[in-house]
Amino acid sequence: MTSCGSSVEEDDFARLVINPACEEISHSGGVRSVAFSPDGTHVVSGSDDCSVKIWNAVTGEQILSSGEHNGKGLCKCKVDEYGCLEEDDDRKPIVNPGCPVTAHLGCVTRVKFSDDGGQVISASDDNTVRVWDVASRTQVRELAGDDFALVDGLSEKHKKFRHVVTSCGDTLKIYRVAKNQQHAEDGATAPVACFKAPDRITFFRCHGSAIVVRCVGGQKCVLSAPFLAV
């Protein structure tokens, strides 16, 4: 998917020839996850290059990019010969304190649009779940977790915010996230609820006020969170 305005051609050996202008906006790593917006007009992609990008599904124009920590341009972080961030003694990526890049620090494993198309949620190997505002093209929240589920309740108050459920090891965390910047004060920086599972969580899904959880070893449980459905 590109917005360089030219079709992709092949060379004499049937290899794809990419216009250099296209390479500047494409992912530099493999794409792990893609998703369409509810109205089908946009596509979001998450990549091994740690970036999240949103595209116009009709024109191919890129309308949001989280950027990537590549040691180029505004990013002053140090990267190795493979383009990965250097790590400290605990194998954690080292990010320059003044770096303006808001990309994940690990491969982006899952991306999804909210039901109203106003936000994009991404999960990464860096154990963070991030919320992006499509209209302002900015990251608005960073949550703890490696997977997520979105829950929009039916009550009047849910017109202003939604719940984002994340998994973090053997714990589920439920956050309240404002649906737009106008109601940012309705969000909460800390989880509004936490649930402890018997073991590390490998899968979970929300159904109304219930959260179905599966753990390592096949253990299953159903958690009750009535406030999710109100």
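1. Two strands count as paired here if DSSP finds at least two bridges between them. With that in hand, S15 and S16 are a good place to start: six bridges join them, and they run antiparallel. One of these bridges sets Cys-206 opposite Ile-211 in S16. Please keep in mind throughout that this is a predicted model.

2. A word on the turn that follows S15. The hairpin of S15 and S16 has two residues between the strands, and Gly-208 takes a positive phi near 65° there. It may be worth having this turn on screen while reading the next point.

3. Which strands make up the rest of this sheet? The sheet is open and has three strands, in the order S15-S16-S17, with antiparallel pairing. Strand S15 (201–207) and strand S17 (220–224) are the edge strands, each pairing on one side only. From one strand to the next, the twist averages 20°. Strand S16 covers residues 210–215, and five bridges join it to S17, again in an antiparallel arrangement. Val-212 has Val-222 as its bridge partner in S17.

4. The overall picture is mostly a matter of strands, so here are the totals. The protein's secondary structure comes to one helix and 17 strands. Of its 230 residues, 40% are buried. Among contacts between residues at least 6 apart in sequence, 36% join residues at least 24 apart.

5. On confidence, a friendly caution. The average pLDDT of the protein is 79, and 73% of the residues score at least 70. Over residues 13–24, however, pLDDT stays under 50, and the model has 16 contacts beyond four places in sequence for this stretch. Where pLDDT is low, the predicted coordinates should not be read in detail. I would therefore leave the individual contacts of residues 13–24 out of the discussion, since pLDDT stays under 50 there.

6. Next, the nonpolar cores. The largest has 18 residues, and those with the most contacts inside it are Val-165, Leu-172, Ile-174, Phe-204, Ile-211 and Val-213. S11, S13, S14, S15, S16 and S17 each supply at least two residues of this core. Another core, of 12 residues, lies apart from it, with Val-52, Leu-64, Val-120 and Trp-132 among its members.

7. Leu-172 deserves a closer look. Which residues does Leu-172 touch, not counting residues up to four places away in sequence? Its partners include Val-165, Phe-204, Ile-211 and Val-213, which are also listed among the residues with the most contacts inside the largest core. Other residues touched by Leu-172 include Thr-166, Ser-167, Ala-193, Cys-194, Phe-195, Ile-201 and Leu-223.

8. Now the charged pairs. The count comes to eight salt bridges. In one of them, the side chains of Arg-162 and Asp-116 meet at 3.1 Å, N to O. This pair links distant parts of the chain: Arg-162 sits in strand S12 (residues 161–168), and Asp-116 in the loop between strand S7 (108–113) and strand S8 (119–124), 46 residues apart. Is each partner buried or partly exposed? Arg-162 counts as buried because its relative accessibility is 1%, while Asp-116, at 47%, counts as partly exposed.

9. A second pair is Asp-152 with Lys-179, whose closest N and O atoms are 3.3 Å apart. Asp-152 lies in the loop between strand S11 (147–151) and S12, and Lys-179 in the loop between strand S13 (171–178) and strand S14 (193–196), so the pair ties together parts that are 27 residues apart in sequence. Asp-152 is partly exposed, with a relative accessible area of 26%, whereas Lys-179 counts as buried at 16% relative accessibility. Salt bridges that share partners join Asp-116, Asp-152, Arg-162 and Lys-179 into one network.

10. Arg-130 and Asp-126 also form a salt bridge through their side chains, at 3.5 Å, N to O. Here Arg-130 counts as buried at 5% relative accessibility, and Asp-126 counts as buried at 18%.

11. Lastly, Thr-109, which is found in strand S7. Thr-109 is partly exposed, with a relative accessible area of 27%. Leaving aside neighbours within four places in sequence, Thr-109 is in contact with Arg-32, Ser-33, Ala-123, Ser-124, Asp-125 and Asp-146. The C-alpha atoms of Thr-109 and Val-34 are 9.6 Å apart in space, although the two are 75 residues apart in sequence.

Notes. Residues are numbered from 1 along each chain as its sequence is written. This is a predicted model: local features need pLDDT of at least 70, side-chain atom pairs count only at pLDDT 80 or more; totals for chains, interfaces and linings use all residues. Side-chain values use heavy atoms; hydrogens and water are left out. Helices (H or I, at least four residues) and strands (E, at least two) are DSSP runs, numbered from the N terminus. Axes are lines fitted to C-alpha atoms, for helices over the stretch in contact, and angles run from 0 to 180 degrees between N-to-C directions. A salt bridge is a side-chain nitrogen of Lys or Arg within 4 Å of a carboxyl oxygen of Asp or Glu. Buried means under 20% relative accessible area, exposed over 50%, partly exposed in between (1.4 Å probe, protein chains only). pLDDT is the predictor's confidence in each residue, from 0 to 100. Contact means heavy atoms within 4.5 Å. A nonpolar core is a set of buried Ala, Val, Leu, Ile, Met, Phe, Trp, Tyr and Cys residues joined through side-chain atoms within 4.5 Å.
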